[in-house]
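Visitor: I have a model open here and would like to go through a few of its helices with you. Could we begin with a backbone detail?

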Amino acid sequence: MNALTTSASTRWSNVKFGLRELPRQLRHTFSLRENIRDLKSLTRTSQIIMVLMLIATVVAFILGKNFAFIGWVSLVTGIATVINLILVDQGRLTNYSWGVLGCAVWLIVALNNHLIGDIASQSFYFVMQFVGISVWHHNKGADDAVQSKRLTPKNAALYIIMTFVIYGIVLYVSHSLHGAQIYLDATLLPLGIIGQVLMTYGYRSQWVAWIVLDIINVIIWTRAMQADPSAGATSMLALQIMMLINSFYGQYMWMKKSQKAE
């Protein structure tokens, strides 16, 4: 009983310490100087990929010919998400400054397209950005980047079970709310939860969840574009394709980093 009390007391102390440190961590994460420094530190390959993805995002926006409010929101979503992804590939803490912006505007697009699973996913991602800021501050290495870790088979099995349980719950809720593309859309939250948690704690297995999620999102936004091209879906589809490509690149970078650590 005493051990349990001590353990609970330690956890509460850690929570209080994290809350006290959060303002300083937020200032660091959203600092313009730190963001510029991290972007300059990107490898040449990452810089090229980022530029190509940003160009593709803008071209898709122009070709989509949707210059209404939701179209511009989709463009901002794409730009913020591209920069966020590239910084995640490199394990850079400032990715969360772009992640907060990307989640906020993506949520607007998801609401406009009545995607219940996507709405729930982006709401979860938004909250987890702040958790990630705190955890990554404590787990970053000497190079100021988060360290990549391997997931044990036992924990991997637990995460898979969690994925299916959450999927069943989201599917039921989405069906009750008459969401669009519910069987595919319901996969977004469980995969997003698993991917985000693994990412927060620096596990390279996160990329398996992101790759599967991105493939599903490509299918969802292809159908959304066919149903209503004016709903900002063209830019979102282009973004999803680029996110899928980037996920394979991110997996390569984190595997490489993990192997060096081992």
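Visitor: Which residue just after α5 takes a positive phi?
Guide: This is a predicted model, and in it His114, just after α5, takes a positive phi of about 60 degrees.

Visitor: And α5 itself, how many residues has it and how far does it reach?
Guide: Helix α5 covers residues 95–112, which is 18 residues, and from its first C-alpha to its last it reaches 26 Å, close to the 26 Å expected at 1.5 Å a residue.

Visitor: Which residues of α5 are buried?
Guide: The buried residues of α5 are Asn95, Tyr96, Ser97, Gly99, Val100, Gly102, Cys103, Val105, Trp106, Val109 and Ala110.

Visitor: Changing topic, where does UniProt place the "transmembrane region" feature?
Guide: The unreviewed UniProt entry places that feature at residues 42–63, 69–88, 95–113, 156–174, 207–224 and 230–249. Over residues 69–88 the model is 100% helix and 0% strand, with the end C-alpha atoms 28 Å apart, and residues 156–174 are likewise 100% helix and 0% strand, with their end C-alpha atoms 27 Å apart.

Visitor: At what angle do α3 and α4 pack?
Guide: Helix α3, residues 44–64, and helix α4, residues 69–89, pack at about 170 degrees with their axes 10 Å apart, which means that α3 is roughly antiparallel to α4.

Visitor: What classes of residue make up that contact?
Guide: The contact of α3 with α4 has 13 nonpolar, 4 polar and no charged residues. Among them are Met50, Leu54 and Phe61 from α3, and Trp72, Gly78 and Ile86 from α4.

Technical notes
Residues are numbered from 1 along each chain as its sequence is written. This is a predicted model: local features need pLDDT of at least 70, side-chain atom pairs count only at pLDDT 80 or more; totals for chains, interfaces and linings use all residues. Side-chain values use heavy atoms; hydrogens and water are left out. UniProt positions are given in the numbering used here, feature names are shortened, and annotations may be inferred rather than shown by experiment. Helices (H or I, at least four residues) and strands (E, at least two) are DSSP runs, numbered from the N terminus. The expected span of a helix is 1.5 Å times one less than its number of residues. Buried means under 20% relative accessible area, exposed over 50%, partly exposed in between (1.4 Å probe, protein chains only). Axes are lines fitted to C-alpha atoms, for helices over the stretch in contact, and angles run from 0 to 180 degrees between N-to-C directions. Angles under 35 degrees count as roughly parallel, over 145 as roughly antiparallel, 65 to 115 as roughly perpendicular and the rest as oblique. Contact means heavy atoms within 4.5 Å. Ala, Val, Leu, Ile, Met, Phe, Trp, Tyr, Cys and Pro count as nonpolar, Asp, Glu, Lys and Arg as charged, and the others, Gly among them, as polar.
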